[in-house]
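Good morning. Please have the sequence and the structure open while I talk. I will go through some charged pairs, and then the place where two chains meet.

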Amino acid sequence: MKFKAYLTENGVNLLEKRFLPALDKMGKICHLYLTRDHTMFLHNLLNGDEVQSIAQFRKEALFDDYRISSQNENRIAFTVDISLLHRAIRSSVSICTEFGSGPTQNRLQIKLVKKLPPNCTQPMPFLTFETKGYKSAVIQDVPISKPLSRDQVLELQTALDMAQDLPQTLVQVQDLNQLQNFVDRLKHVGDLLDVSISKYGDLYVQISTTLITLGAEFRKLLVIGEQSDEPAEDRNLSAQTRSVRAISRGDAQSVQVNVKHFAKSLHCHLAKPDCAFYGIAPQGACLTVIFQFFIAGSRQTDKSISLHCRLPVLDPGSS
Amino acid sequence: MSSSAMEAEAPDLVCQLDNVQGIVDALTAVRWKRHQDAVLELSEHGVVLIVEETRCLQAKVYLQRELFIRYEYGAQGRPRFGVSLGLLVDCLNTFSVPGRSSMIEIRYPGPDMQLLLKSVDSLDACIYAEIRTRIPDTISWDYNFEPAGSTPLSFTVKSAALKEAIDDLEWPGSSIQIMLQPVPPSVTFRGEGHGDLQIDFMYYANTDLLIAFSCDRQVSYRYKYKFLRATTSNIPSSVIKDNRGSKLTIGRGGMLKVQHLVSVSRQSIPHPHIDSAGYQQPSRIAYIEFFVKPEEDEDTVND
């Protein structure tokens with residue numbers, strides 16, 4: 001089992017400034033899953049009660065000179081502490097800038113190793129970051145779990161495959177800050193959030209308790225997938241009435257999620273996505289949020305990066 | 001709830017606000033604990049929110065109709081209803097967008113006697129809320145405030161200084177004596193408990209702190225520390241920033257009235273010059289009053 005690659009400058013930027021801060025909010029520990037073509041950071045994939053997040057990079061988005069080999073179809077997976085990974089990359093970056101002789105010379109090598117730590121009798125696996133400065137080299141070892149067995153990798157891959165189903169209707173939210181602001185304040189009012197998405201391009205998020213109903217309606221959002229026109233007679237009704245009518249007509253779906261999970265998924269905007277799509281998976285299995293990244297300076301989707309979250313639904317029977 | 005059903009019967013009140021944060025600040029000022037029941041009273045002059053505790057402390061927030069950009073009052077008499085203050089503040093807070101003035105509409109009653117709120121500044125994104133109201137328990141205990149004599153016993157002190165003094169008195173705690181005397185004109189806060197602490201405001205020595213003073217005879221009353229603290233614990237930061245004053249008056253029987261002024265002007269408009277007493281166009285001010293009953297104590301010098 002071997003893995004060795006060089007992080008590119010773009011890769012360092014993506015991880016250090018954007019993805020690791022976002023993924024750190026999703027949970028301290030994640031699976032790092034390396035395949036021949038992709039690097040993936042997977043949160044809670046084997047755990048249905050928490051927000052699942054799947055960040056996937058084509059190897060070219062992060063690395064050059066990418067070498068991987070294992071007897072399990074060149075796939076390697078292990079768990080790692082995101083904050084340690086972040087710290088290692090951050091300090092490597094500071095070493096590079098400190099000895100500043102151009103980013104191309106200071107290549108940041110990342111390698112899977114087994115080492116005998118002090119006071120231990122058994123060698124332990126590490127992800128090693130080696131930064132070459134002008135006169136010195138700095139090596140940092142980030143401890144990782146024992147690589148997953150063939151069966152465990154298979155289990156992870158199956159969970160990953162299952163997490164790829166697309167909702168039939170997706171609505172686009174451009175102003176994630178606005179939504180985050182609202183949800184952060186909503187958290188004080190209650191715990192259960194009703195999320196409803198219609199084929200007309202409406203997104204409703206609402207908290208209802210015995211004392212209060214508080215919600216927000218976002219209309220005329222861009223729709224991807226199944227869509228239809230809102231009946232004219234609905235246009236001047238109140239937000240709640242419109243939502244109820246759309247659901248009864250079969251033009252909208254509604255699920256209930258934990259408001260804390262919803263707020264957590266919004267932390268993904270730290271990864272600086274250009275917009276987000278919300279959708280409800282078939283049979284109301286989960287609430288899916290797909291973040292979209294554009295190629296810098298364009299409106300074209302950057303297909304080498306993908307990030308999406310799946311929020312567990314609290315009461316699947318009701319939808 | 002359909003809009004046609006709501007139009008069938010004219011609501012008691014439909015009003016619109018353009019500065020939610022100002023109202024949130026004003027209401028937060030009377031929020032001294034987590035769970036508080038409040039009574040809202042509507043009239044053609046505006047909305048009054050009343051909270052009280054154990055018949056010893058009452059607070060009122062006056063939101064005059066001039067604070068609203070639209071105020072349509074259609075009720076007979078003065079409708080009153082109860083809501084949870086914490087819920088109302090948290091709910092209003094979700095309508096407040098930092099760095100932007102947000103316009104909301106408040107309507108009462110809804111089809112099920114709810115208080116209805118919705119944002120009205122954007123067609124494509126709308127925040128809405130329905131707060132369940134309840135019938136207020138009893139007519140709240142009457143904090144009849146009467147002047148103590150022909151000369152009012154009152155003083156106006158910088159809100160920041162008042163808050164600081166009351167915060168400092170936490171250490172001796174329990175009960176705090178407030179004494180006003182005409183010669184030399186001064187106000188004394190005195191706490192005795194785990195230790196003694198006395199804070200004097202001398203009228204001539206600190207005219208920038210003690211802005212106004214009126215007293216023709218010495219009076220002294222004791223108040224429970226926790227009630228005194230409630231009057232300043234959540235003063236909005238805007239009051240401190242604007243360098244406003246708070247007015248304290250002692251009425252008949254030692255009833256203490258504490259008044260604060262909270263600016264509810266639109267955030268986008270820069271503040272006009274505010275003089276040292278903190279006066280501003282009166283139409284954009286929310287008035288807050290606390291009434292604190294004195295402790296019954298034979299040792300104090302009463303009038």
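How many salt bridges does a search of the whole structure find over all chains? The search gives 35. Keep in mind that this is a predicted model. As background, side chains of opposite charge can pair when their charged atoms come close. I will take a few of these pairs in turn.

Start with B:Asp18 and B:Arg284. Their side chains form a salt bridge, with 3.2 Å from N to O. Where do the two residues sit in chain B? B:Asp18 is in the loop between S1 and H2, while B:Arg284 is in the loop between strand S17 (256-263) and strand S18 (285-292). The pair links distant parts of the chain, 266 residues apart. For B:Asp18, the flanking elements are strand S1 (13-17) and helix H2 (20-28). The side chains of B:Asp18 and B:Arg284 also count as making a polar contact, at 3.2 Å.

Is B:Asp18 buried or exposed? B:Asp18 has a relative accessible area of 6%, so it is buried. B:Arg284 is buried as well.

The next pair is B:Glu41 and B:Arg78. Their closest N and O atoms are 3.6 Å apart, and the two residues form a salt bridge. B:Glu41 belongs to strand S2 (residues 37-43) of chain B, and B:Arg78 to the loop between strand S5 (70-73) and strand S6 (80-84), so this salt bridge ties together parts that are 37 residues apart in sequence. B:Glu41 counts as buried because its relative accessibility is 16%. B:Arg78 has 47%, so B:Arg78 counts as partly exposed.

The third pair is B:Glu105 and B:Arg107. The two form a salt bridge with the closest N and O atoms 3.5 Å apart. Both residues are buried. Chain A has a set of charged residues joined in one network: A:Glu217, A:Arg219, A:Glu230 and A:Arg242 are connected by salt bridges that share partners.

Back to B:Arg107 for a moment. B:Arg107 lies in strand S7 (residues 104-108) of chain B. Why does B:Arg107 count as buried? The cut-off for buried is under 20% relative accessible area, and B:Arg107 is at 19%, so it falls on the buried side. The side chains of B:Arg107 and B:Glu105 are also joined by a polar contact of 3.5 Å.

Now to the two chains. In chain B, 20 residues are in contact with 25 residues of chain A. The chains bury about 2,000 Å² between them, and 54% of that is on carbon and sulfur atoms. Of the area that chain B buries against chain A, 33% comes from B:Thr94, B:Asp124 and B:Tyr128, more than any other three residues supply.

How many salt bridges does the rule find across this interface? There is one. A:Lys220 and B:Asp124 form it, with the closest N and O atoms 3.4 Å apart. The rule also finds 11 residue pairs in polar contact across the interface. On the side of chain B that touches chain A, two elements give two or more residues: helix H3 (85-95) and strand S9 (125-131). S9(B) gives the largest share, seven residues. By type, this side of chain B divides into 12 nonpolar, four polar and four charged residues.

Last, look at the strands. Strand S13 (residues 212-218) of chain A runs antiparallel to S9(B), and seven bridges join them. Within this pairing, A:Glu217 stands opposite B:Cys126. A:Glu217 is also one of the residues in the chain A network I mentioned earlier.

Conventions: Residues numbered from 1 in each chain as written. Chains lettered and ligands numbered in written order. Predicted model: local features only at pLDDT ≥ 70, side-chain atom pairs only at ≥ 80, totals over all residues. Heavy atoms only, no water. Helix = DSSP H or I, 4+ residues; strand = E, 2+ residues; numbered from the N terminus. Buried < 20%, exposed > 50% of the residue type's maximum accessible area, 1.4 Å probe, protein only. Polar contact = N/O pair within 3.5 Å; in protein donor to acceptor, adjacent residues only side chain to side chain. Contact = heavy atoms within 4.5 Å. Buried area = accessible area lost by both parts, 1.4 Å probe. Salt bridge = Lys/Arg side-chain N within 4 Å of Asp/Glu carboxyl O. Nonpolar A, V, L, I, M, F, W, Y, C, P; charged D, E, K, R; others polar. Pairing = 2+ DSSP bridges.
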